[in-house]
Amino acid sequence: MRTVRSLVPILLASIAALPSAAQVERPEQLTYPPLPEFDVPSPTRVELDNGMVVILLEDHELPLVDAVARIRTGSRLEPADRVGLASLTGSVMRTGGTESMSGDEIDDFLENRAASVETGIGTDAGTAAMSSLVQDLPEVLDVFADVLRHPVFAQDRIEVAKAQARTAIARQNDNPQGILFRELGQVIYGQDSPYARDATYATLAAIGREDMLAWHERFYHPENVILGLVGDFDTDAMVALVREVFGDWQRGTEAPEAAATWREQPAPGVYFVDKSDVTQSNIALGHLGIRRDAPDYYAVQVLNELFSGGFASRLVSVVRTRKGLAYAVSGSVGSDWDHPGITQLWMSTKVETTGAGIEALREEARRLTTEPPTEEEVAKAKQRILSSFVFNSDSTREILGQQLTYEYYGYPLDWLDRYAAGIRGVSVEEVRRAAAERIHPDDLSIVVVGPEEGMDRPLSDFGPVTAVDVSIPPPPAAPLEVTEASLAAGSERMTAVLDAMGGAEAVAAVDTVVQRGVLSAQTPQGPMQATVESLVAYPDRFRQTMVLPFGTLITVVDGESGFRSGPGGTEELSGEALEDSRKARGRNLFVLLRRYLDGDVRAVATGEGDVVLQGGNDGVRLSPEAGTGLPGTLTYQGNDFAGTPGEVRISFSDWREDAGLLLPFAASATFEGEPLWDLAVDEMEVGAELPAGAFDRPAE
C-alpha cells in the first residue's frame, strides 16, 4: 500500500519530469503526466460490548497519541426556550471538572504533561479531543474518560461560560458578513428551525446546572460515542487499554434522530438589514441545497468548481474581473451530511453598485442554463478537483477525522475512495443537468446588509422587501414578587434611606448636581484615567465632559435627543445608543431618588433587605449600607466599555455633608464582578445654577 508520506517523492519526481518551458512555444502546449494513484491507509474498526465504536490508525512518526470522540447530540436537539444549552454543556463539561478532579486540577495535571483535553457541542454533534505523549497515555486517557463520563458542571464555571456567551450575543451585529449569513440561514431554513436559531439573553438566563446534568445524562452513553485514536501505538494493545478504561461504561438511551425541521418551500424576495455604519453592501442569494448522499453529488461538486472554484471560474471572471463589482465573490450548491445545506451566491460591493451586484449574481445563476457548462469547463474543473484531492488526506489525523465523519453520519467508510472515482466519472451532461435542477434563479431569497442611502437602484426592483430587525433584545429582568406587602415594605425602606441622607424634603429640593473628579477605568484598551465633569438637571438633562489622553469627549442627553462630540466630530445619538445613554443617566443616584419621590418609579422590597426601584422596563436594586442606612450599592443590567451587557454594581463611599445632605464623594463599579471604574470626586455642587447653553451642541 502506498502511504501518504510515500507520495512526496513521487510527486517531486512527477514535477521533475515536467517539460521545460524551452521545449514549447506557448503555455497551452505544456503537457503533464497523469497524477499517480494512491491508497488511503485504512483504519481498524472495533465495537465494544457496550456499543461504543472505536476506530484506530497507527502512525509511528512521532511519540504522540491523539483521540477524538464524536457524540450523537447537538444543539438541533435542544428546546427552543433554552437555545445555547448544548454549547454551554459542551464547554463546561471540561472546565467544570469531574467528580474526582476540579477544573483547575485537570488544568494542572494536563499542563505538567504537555497534554490537552477539550470538549464541545456543535449543531449536530458533540466532540471531545485529547492529545498526549505516549508515556503519559494511560493517565491522560483516564482523565479524558472521566471528563466524558463524570462531569459535575461547577456553578462558577457555568457563570463564566454564560458571561462569554452574553459577550458573543452583544457582538453578534458587529460583523456585517456575520449578520448576512445568520439572516440568510433564518430565511432559508426558517426562523424556528434549529439550524437557524441563535442564543438570546433570555434563553441563556433560563439555563441552569440541572439542565446540563440532564443533557449529559440523556446523550452521553457508550452506544452514542464513536472514539477515534491515531498515533504511536500498537492497535491490539490500544484496543485492550480502551476496553479497560471504557468497558464498564453502561449503556443508556440511544440519541433520538433529528427531525427534518426546515422550510421546504422557498421564500423569494428581498430581506434588508439597514446597517448604516458600513460603506459596503453585503449581498447573499440563496435557497435550500442538497445532502451529500444525493445521486448527483459528484456532478454538483464539478458544477461548484467551474462556477466559483478559482480565478478562472464563471463568477470570479465575470463579476470580479470583467465587471469589477467585487473583490470577493462566491457561489455554490451547498450540501451537508444528514440535512440539506444552503445553495448561496454572495459578494460585497460598494453601496453605489448594490443593484448591479444583485443583478450580476442572478444573471450568472441564469447563465448556467442559458449557456450551459462546456466540455472544456467541465474537464478543467474535474482536473482541479482531482489535482487537489491528495491534500484532503495528507496526514493520518485528517484521515481519521474523515473516517469518524463517515461512521457518524452512516456513510460508507470507503467514501473518500469513491469520491475520486465519482468525480472522474462525471459527464458533461450530468453537470448540465445538475445546473438546471439544483440552482433555481426565481426561487432565490436575497439578503442585503448595508446602508439604505446611496444605492443605485431600489431593492424593490428585485421583489417584495422585508425589513429585518436585528436589534438585540435586552436581558430579562430578574423575577420579582410585587404585592401590597412588598410595596409597603419598599416604601418603608426608602423612607429610611432618604432620612439617612438628610430627609425626603432636602432630596426633593435637588434639581441640579455638578460633580468634578477623576475617573480611573478598565477599558478594552487597558487602564485609562480621565478628568470628569458631570452636570445633571432633573428630570432628563445630562452633560458629561471627559478629558482623555486622546482628546475631550462630551456626551449630552436632553430629553428625547442627544449627541456625542469628540476629536472626530459630533454625531447624533439615536436608537440603542440614545436609549442606553438615557437609561444610564436615569440611574444616577439623585435622579433615581427624585423619580421615586415624584412617583415615576415604585419601590419593591426584596427578601434580602434591598429594594428594587422599578420604572418602565428598567429596574435598579438599591442595597442600604449596614449600620448607616445610606445607599450602599446600586445594581442593574448595563454594559461594560465594549458594550457587552451584564450586571453592573456601583458602590458608594466617602460620604460628606453639604447643603443639609450627606453626599458620596467616591464610587466604584464592577461588571460581572470584575473592576470596571473608580470615581474620586473633588468637588460637588447641589442646586447650582448651570451655565447658559450647557446642553447645546458645540459650534461646528
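**Exercises on salt bridges, cores and helix packing**

A search of the whole structure finds 42 salt bridges (a salt bridge being a side-chain nitrogen of Lys or Arg within 4 Å of a carboxyl oxygen of Asp or Glu). The structure is a predicted model, in which local features need pLDDT of at least 70 and side-chain atom pairs count only at pLDDT 80 or more, while totals for chains, interfaces and linings use all residues. Residues are numbered from 1 along each chain as its sequence is written, and side-chain values use heavy atoms, with hydrogens and water left out.

**Exercise 1.** Locate the partners of the salt bridge between Lys 323 and Glu 363 and classify their exposure.

Solution.
- Step 1: the closest N and O atoms of Lys 323 and Glu 363 are 3.3 Å apart.
- Step 2: Lys 323 is in the loop between helix H11 (314–322) and strand S10 (329–332), and Glu 363 is in helix H12 (residues 354–370). Helices (H or I, at least four residues) and strands (E, at least two) are DSSP runs, numbered from the N terminus.
- Step 3: the two residues are 40 residues apart, and the pair links distant parts of the chain.
- Step 4: buried means under 20% relative accessible area, exposed over 50%, and partly exposed in between (1.4 Å probe, protein chains only). Lys 323 has 34% and is therefore partly exposed; Glu 363, with 34%, is also partly exposed.

**Exercise 2.** Describe the salt-bridge network that contains Glu 359 and Arg 366.

Solution.
- Step 1: Glu 359 and Arg 366 form a salt bridge with their closest N and O atoms 3.7 Å apart.
- Step 2: the network links Glu 359, Arg 362, Arg 366, Arg 457 and Asp 461.
- Step 3: Glu 359 has a relative accessible area of 26% and is partly exposed; Arg 366 is partly exposed at 31%.

**Exercise 3.** Characterise the salt bridge between Asp 414 and Arg 418.

Solution.
- Step 1: the closest N and O atoms are 2.9 Å apart.
- Step 2: Asp 414 is partly exposed at 32%, and Arg 418 is partly exposed at 42%.

**Exercise 4.** Describe the largest nonpolar core and the contacts of Leu 303.

Solution.
- Step 1: a nonpolar core is a set of buried Ala, Val, Leu, Ile, Met, Phe, Trp, Tyr and Cys residues joined through side-chain atoms within 4.5 Å.
- Step 2: the largest has 65 residues, and Val 302 and Leu 303 have the most contacts inside it. Helix H10 (residues 297–308) supplies the largest share of this core, eight residues.
- Step 3: leaving out residues up to four places away in sequence, Leu 303 touches Val 333, Leu 368, Val 431, Ala 434, Ala 435 and Ile 439 (contact means heavy atoms within 4.5 Å).
- Step 4: a second, separate core has 58 residues, including Met 93 and Leu 204.

**Exercise 5.** Classify the packing of helix H3 (residues 103–111) against helix H4 (residues 137–149).

Solution.
- Step 1: the angle is about 155 degrees and the axes are 11 Å apart. Axes are lines fitted to C-alpha atoms, for helices over the stretch in contact, and angles run from 0 to 180 degrees between N-to-C directions.
- Step 2: angles under 35 degrees count as roughly parallel, over 145 as roughly antiparallel, 65 to 115 as roughly perpendicular and the rest as oblique. H3 is therefore roughly antiparallel to H4.
- Step 3: Ile 106, Phe 109 and Leu 110 in H3 meet Glu 139, Val 140, Val 143 and Val 147 in H4.
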